[in-house]
Amino acid sequence: MKPLIVANWKCNPTTLEEAKKIFKKANFPGAEVVICPPFIYLSTLGAKGAQDCFWEEKGAYTGEISPKMLRDLGVEYVIIGHSERRKYFKETDETINKKMKAVIKAGLKPILCINKISQLPAKKQEGLIIAYEPLFAIGTGKPCSPKRAKKMRVLIQRKMGKNIKVLYGGSVNSQNAKDYIKEAGFGGLLVGGASLKPQEFLDIIKAVC
Ligand code: PGA
């Protein structure tokens, strides 16, 4: 199966023009690439991934975006529980679990980010994708060694079933991308900083396809 490459743009870029440029360049035939831009660019770009969502379908929840709304736009994947959401917005395993269930209920695929085994859901979930992102590796330029990452991948699959797709994320670049797929056996990558640099991102895609 082709590796799934997910681009987490976070709160970038600051203009729609720039977003269009980066999005256009990430188009590589034959690759499974999911771009997750900020919500406001989703519709114009026709991107397939979102960085977060709310757990309710609709109602009096100022500022929130529901999985149903995302689905209506053609979104297929939603990142849930990213460590920055946990850290800056005080998301807990409990609220993240609610989001995961709402995403599945809406017919979307959740990409649940974890940095430790205790953050895995208690039960196996159909359609769930896990992204293992060690905290020390996120945005630091200090990637986890493929050997160490592999140990976590094996533990995750032992708990969640060997067919579950597990992505690696944390300082992925065009030099190390292949090692996580070929050496550590991950089913794909979650790429932050490097996904905003068009040439570097293309090189990541080429390295693993
Ligand atoms: P990074 O971010 O690739 O910039 O380390 C990964 C992430 O936060 O998902």
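In this predicted model, 13 residues surround the ligand, and the closest of them are Lys 10, His 82, Glu 133, Gly 139 and Ser 171. Sorted by class, that shell comes out as seven polar, four nonpolar and two charged residues. Several polar atoms sit right up against ligand oxygens. From Glu 133, a polar side-chain atom lies 2.7 Å from an oxygen atom of the ligand. Gly 139 brings in its backbone instead, with an N or O atom 2.6 Å from a ligand oxygen. Gly 193 also uses a polar backbone atom, here at 2.8 Å from an oxygen atom of the ligand. Taken on its own, the ligand has 280 Å² of accessible area, and the protein covers 95% of that.

Two of the closest residues have a backbone worth a second look. Most residues other than glycine have a negative phi, and most peptide bonds are trans. Lys 10, not a glycine, nevertheless has a positive phi of about 55°. Lys 10 belongs to the loop between E1 and H1, and with a relative accessibility of 21% it counts as partly exposed. Ser 171 is not a glycine either, and its phi is again positive, at about 55°. Ser 171 is in the loop between E7 and H7 and is buried, its relative accessible area being 16%.

The loop that holds Lys 10 has another backbone feature to offer. The peptide bond running from Asn 12 to Pro 13 is cis, with omega near -15°. Pro 13 sits in the loop between strand E1 (4-8) and helix H1 (16-25).

Back in the loop between E7 and H7, there is also Ser 174. Ser 174 counts as buried, with 16% relative accessibility. Its side chain and that of Gln 175 are joined by a polar contact of 3.5 Å. Setting aside neighbours within four places in sequence, Ser 174 is in contact with Glu 200, Asp 203, Ile 204 and Ala 207.

Next come the aromatic rings. A pair of them is described by the distance of the centres and the angle of the planes. The model has five aromatic pairs. In one of them, Phe 54 and Trp 55 have ring centres 4.6 Å apart and planes at 35°, so the pair is tilted. Phe 54 is buried, at 8% relative accessible area, whereas Trp 55 counts as partly exposed at 26%. For Tyr 168 and Tyr 180, the ring centres are 3.9 Å apart and the planes meet at 10°, so this pair is stacked. Tyr 168 lies in strand E7 and Tyr 180 in helix H7 (residues 177-183), so the pair ties together parts that are 12 residues apart in sequence. Tyr 180 is buried, with a relative accessible area of 1%.

Tyr 168 itself is found in strand E7, which spans residues 165-169. With a relative accessible area of 0%, Tyr 168 is buried. Its C-alpha atom is separated by 5.1 Å from that of Tyr 132, although the two residues are 36 apart along the chain. Not counting residues up to four places away in sequence, Tyr 168 touches a long list of residues, among them Pro 134, Ala 137, Pro 143, Cys 144, Ala 149 and Leu 190. The aromatic residues Tyr 132, Tyr 180 and Phe 186 are also contacts of Tyr 168, and these four form one aromatic cluster.

Key
Residues numbered from 1 in each chain as written. Predicted model: local features only at pLDDT ≥ 70, side-chain atom pairs only at ≥ 80, totals over all residues. Heavy atoms only, no water. Helix = DSSP H or I, 4+ residues; strand = E, 2+ residues; numbered from the N terminus. Buried < 20%, exposed > 50% of the residue type's maximum accessible area, 1.4 Å probe, protein only. Contact = heavy atoms within 4.5 Å. Near = heavy atom within 4 Å. Polar contact = N/O pair within 3.5 Å; in protein donor to acceptor, adjacent residues only side chain to side chain. Areas by Shrake-Rupley, 256 points an atom, 1.4 Å probe, with all protein chains shown as cover. Nonpolar A, V, L, I, M, F, W, Y, C, P; charged D, E, K, R; others polar. Phe/Tyr/Trp six-rings, centres within 6.5 Å; stacked < 30°, edge-to-face > 60°.
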